[in-house]
Amino acid sequence: MIRLFASDLDGTLLGATHSVTRPVAASIRRVVEAGARFAIATGRTFRSPGDFGFGDLPCDVVCANGSIVLSREGELLRFATLDPAFVEEALSAFPEAPFLCIGRRHSYVCTSREAYDAEYVAHGLVTRIKDYVRLRAMHAPGMRAADEMLYDQTASTILENEICKINCRTTDPGLIRELDAFFAERSDKVVNAPFNPSMFEVTRAGVDKGEAIAWLAANYCIGEDEVAVYGDGGNDIAMLERFAPHGHAYAPHGACDDAKRAASEVIGSNVLYAVPRHMVRTVCGDAK
């Protein structure tokens, strides 16, 4: 019996519009009505379970790649911080990098909003379209309090706050190589698990979606064999690998190859709501 369902958002639970549509909302309510819990498992940063259109849906939240965990009542259960010395070193080594540093109350961006958003559309045509839709969904009215993203922040301001995750998206090949080497050399302190190769998503070593979902399950006295997880990208691989031995790790068919290999089963398309449908079939006892 599955007592906890956990799903990535973009490319997995959500459809082509990257938003919470009726099929998504209905599946979450059906899971909870059946006596199970549902957890969002995302690289995005939530300040409340109601962010990004989830409203009053009863969702636990594992976000920022596992460094933040919220109960469905909105209680902050865990905040896994990066070493301040590492954050200072990164900001000093790459003063021009478009870092987004995630804190308890705010996300601090080292560049302007225009420069930060531009990195999301500086790719090929198909990727630009996908990222534009995702970006519009993230900035849609009511999705997030306006003061939670602070732009043009200095290193000194950022270092006054506890930081749990650093994001960076860049199309500069030289900067990509330098960042790859920098984070790899510090693998004893941090892990970089981006959802795709154009991103850097850096958390404390040992912190990832899989570890955080296991932590959340233990918090509710749920065994790892009673957890089903769904994911499609690079930052889902650790989660899929963690739960695949129990046979309950699923990737939609549009997932990256590494995610498909990590999963115990590949299911249908996120565009056709394969994940919501699979969750409902599972709680009804007839998932295949």
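**Figure 1. A salt-bridge network in the predicted model joins D8, K209 and D236.** In this view of the predicted model, the residues D8, K209 and D236 are connected to one another through a network of salt bridges. A search of the whole structure returns 13 salt bridges, and three further pairs are shown in the next view. Side chains of opposite charge can pair when their charged atoms come close.

**Figure 2. Three salt bridges, E226 with R3, E162 with R104 and E224 with R242.** The side chains of E226 and R3 form a salt bridge with an N to O distance of 3.3 Å. This pair links distant parts of the chain, 223 residues apart, since E226 sits in the loop between α8 (209-219) and β12 (227-230), while R3 belongs to the segment before β1 (4-7). Both partners are partly exposed, E226 with a relative accessible area of 22% and R3 at 29% relative accessibility. In the second pair, the side chains of E162 and R104 meet at 2.7 Å, N to O. E162 is found in the loop between α6 (155-158) and β9 (163-169), and R104 in the loop between β6 (99-103) and β7 (107-109), so this salt bridge ties together parts that are 58 residues apart in sequence. E162 counts as partly exposed at 42% relative accessibility, and R104 likewise counts as partly exposed at 45%. The third pair brings the side chains of E224 and R242 together at 2.9 Å, N to O; E224 lies in the loop between α8 and β12, whereas R242 lies in helix α9 (residues 237-243), 18 residues apart. Here E224 is partly exposed at 27% relative accessibility, and R242 is partly exposed at 35%.

**Figure 3. An open sheet of eight strands with helix α8 packed on it.** The strands follow the order β5-β4-β3-β2-β1-β12-β13-β14, and their pairing is mixed. At the edges are β5 (76-79) and β14 (265-267), each of which pairs on one side only. Direction ignored, neighbouring strands of this sheet are turned against each other by 20° on average. Within the sheet, β1 and strand β2 (residues 37-41) pair in the parallel sense over four bridges, and L4 stands opposite R37 in β2. Helix α8 packs on the sheet and touches β1, β2, β3 (59-63), β4 (68-70), β5 and β12, with its direction making about 145° with that of β5.

**Figure 4. An open sheet of six strands and the helices α3 and α7.** This sheet has the strand order β8-β7-β6-β9-β11-β10, again with mixed pairing. Its edge strands are β8 (149-150) and β10 (190-192), and each pairs on one side only. The strands β6 and β9 pair in the antiparallel sense over five bridges, and the bridge partner of L100 is N167 in β9. Helix α3 (residues 84-93) lies across β6, β9, β10 and β11 (199-204) and runs at about 160° to β6. Helix α7 (residues 173-184) also packs on the sheet, where it touches β6, β9, β10 and β11, and its direction makes about 20° with that of β11.

**Figure 5. The largest nonpolar core, with F46 and its contacts.** This core holds 39 residues, of which F5, L13, F38, F46 and F54 touch the most other members. Two or more residues are given to the core by each of α1 (9-13), α2 (22-33), β2, β3, β4, β6, β12 and α11 (274-283), and α2 gives the most, with four residues. When residues up to four places away in sequence are not counted, F46 touches L9, I40, D51, F52, F54, V61, C63 and L70. A second, separate core of 26 residues includes V229, I237, A262 and A263.

**Figure 6. Helix α11 and the residue G285 that follows.** The buried residues of α11 are A274, V275, P276, H278 and M279. After this helix comes G285, whose phi is positive, near 85°. For the protein as a whole, which has 288 residues, 53% count as buried, and the exposed area is about 12,400 Å², of which carbon and sulfur atoms supply 52%.

Note on methods: Residues numbered from 1 in each chain as written. Predicted model: local features only at pLDDT ≥ 70, side-chain atom pairs only at ≥ 80, totals over all residues. Heavy atoms only, no water. Salt bridge = Lys/Arg side-chain N within 4 Å of Asp/Glu carboxyl O. Buried < 20%, exposed > 50% of the residue type's maximum accessible area, 1.4 Å probe, protein only. Pairing = 2+ DSSP bridges. Axes fitted to C-alpha atoms, helices over the stretch in contact; angles between N-to-C directions. Contact = heavy atoms within 4.5 Å. Core = buried A, V, L, I, M, F, W, Y, C linked by side-chain atoms within 4.5 Å. Areas by Shrake-Rupley, 256 points an atom, 1.4 Å probe, with all protein chains shown as cover.
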